[in-house]
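Trainee: Please pick one part of this model and take me through it closely. I'd like to see how that part fits in with what surrounds it.

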Amino acid sequence: MIKNSAYTLSYVLTTFNKLPYLKEVMNHLLENVKEDEEIVVVDGASTDGTTFYLQELFQQKKIHQFISEPDKGEAHGFNKGILMVRGELIKILTDDDAYYYPNIEKCKQYMLA
C-alpha cells in the first residue's frame, strides 16, 4: 500500500525493558536515518527508564512517533507500529539486534524503483 507521505521508509522498533540494548540500537539508527524516513517506536510499558528515554528522543524530534503501553508481546507491538506508519515501506527493528544500514538503503532504493 502506498501512502501519501514524504516518508519513503518507516522504521518500526519494538522494545520492552531492554534500555541498554535499545540505546545502542537507537544510536546507530539515529546516525543512519535519512530525511525521508521516520522512526516509530512501540514500548510495551517498560519499567526500566525506557519510556523516559523515548520521551526525551521524541521531544528532541529525533523519533517521529512512539507509544508506551502494555501489549501482548513483540508481535502485538509490531502490529501497533505498523498501523502508525506513514511511509511507503516498512523496516521492522528489534531492540537487541545489529543492522547494516547501507544494505537497508540499497533494498529501499530497489523496492522504490
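**A close look at strand β2**

Mentor: Let's settle on β2, which forms a right-handed β-α-β unit together with helix α2 (residues 50-59) and β3. Bear in mind as we go that this is a predicted model. β2 also closes another such unit: β1, α1 and β2 make a right-handed β-α-β unit too.

Now for the sheet itself. It is an open sheet of four strands, ordered β3-β2-β1-β4, with parallel pairing. The edges belong to β3 (65-68) and β4; each has a single partner strand, so one side of each lacks a neighbour in the sheet. Ignoring direction, neighbouring strands here are turned by 15° against each other on average. Helix α1 (residues 19-32) packs on this sheet and touches β1, β2 and β4, with its direction at about 170° to that of β1. Helix α4 (residues 101-112) also packs on the sheet, touching β1, β2 and β4, and its direction makes about 155° with that of β4.

What does β2 do on each side? Towards β1 (residues 9-15), seven bridges join the two parallel strands, with β2 covering residues 37-43. Within that pairing, L13 has V41 of β2 as its bridge partner, and T14 stands opposite V42. Towards β3, β2 is joined by four bridges, again running parallel. There D43 is partnered with S68 of β3, while V40 stands opposite Q65. As background, strands of a sheet pair through backbone hydrogen bonds, parallel or antiparallel.

How covered is β2? Seven of its seven residues are buried. The side chains are worth sorting by direction: E37, I39, V41 and D43 point one way, and E38, V40 and V42 point the other way, all of them buried. Note that the buried set includes E37, E38 and D43, so it is worth keeping these residues in view alongside the valines and I39.

That brings us to the nonpolar residues. In soluble globular proteins, nonpolar side chains tend to be buried together. The largest nonpolar core here has 19 residues, and M26, L54 and I63 touch the most other members. β2 is one of the elements that give two or more residues to this core, alongside β1, α1, α2, β4 and α4. The largest share, five residues, comes from α1. One of the links back to our strand runs through M26: beyond its neighbours within four places in sequence, M26 is in contact with L13, I39, Y53, L57 and I63. Apart from this core lies another, of six residues, and V40 is among them, as are F78, M84 and V85.

Finally, it helps to look across the sheet to its edge strand β4. T94 sits in β4 (residues 89-94). Its relative accessible area is 12%, and because the cut-off for buried is under 20%, T94 counts as buried. The T94 side chain makes a polar contact of 3.0 Å with that of D97. Setting aside neighbours within four places in sequence, T94 is in contact with L13, T14, V25, E74, F78 and Y99. Two of those names are already familiar: L13 is the bridge partner of V41, and T14 stands opposite V42.

How values were computed:
Residues numbered from 1 in each chain as written. Predicted model: local features only at pLDDT ≥ 70, side-chain atom pairs only at ≥ 80, totals over all residues. Heavy atoms only, no water. Buried < 20%, exposed > 50% of the residue type's maximum accessible area, 1.4 Å probe, protein only. Polar contact = N/O pair within 3.5 Å; in protein donor to acceptor, adjacent residues only side chain to side chain. Contact = heavy atoms within 4.5 Å. Pairing = 2+ DSSP bridges. Axes fitted to C-alpha atoms, helices over the stretch in contact; angles between N-to-C directions. Right-handed = clockwise from strand over helix to strand, strands pointing away. Core = buried A, V, L, I, M, F, W, Y, C linked by side-chain atoms within 4.5 Å.
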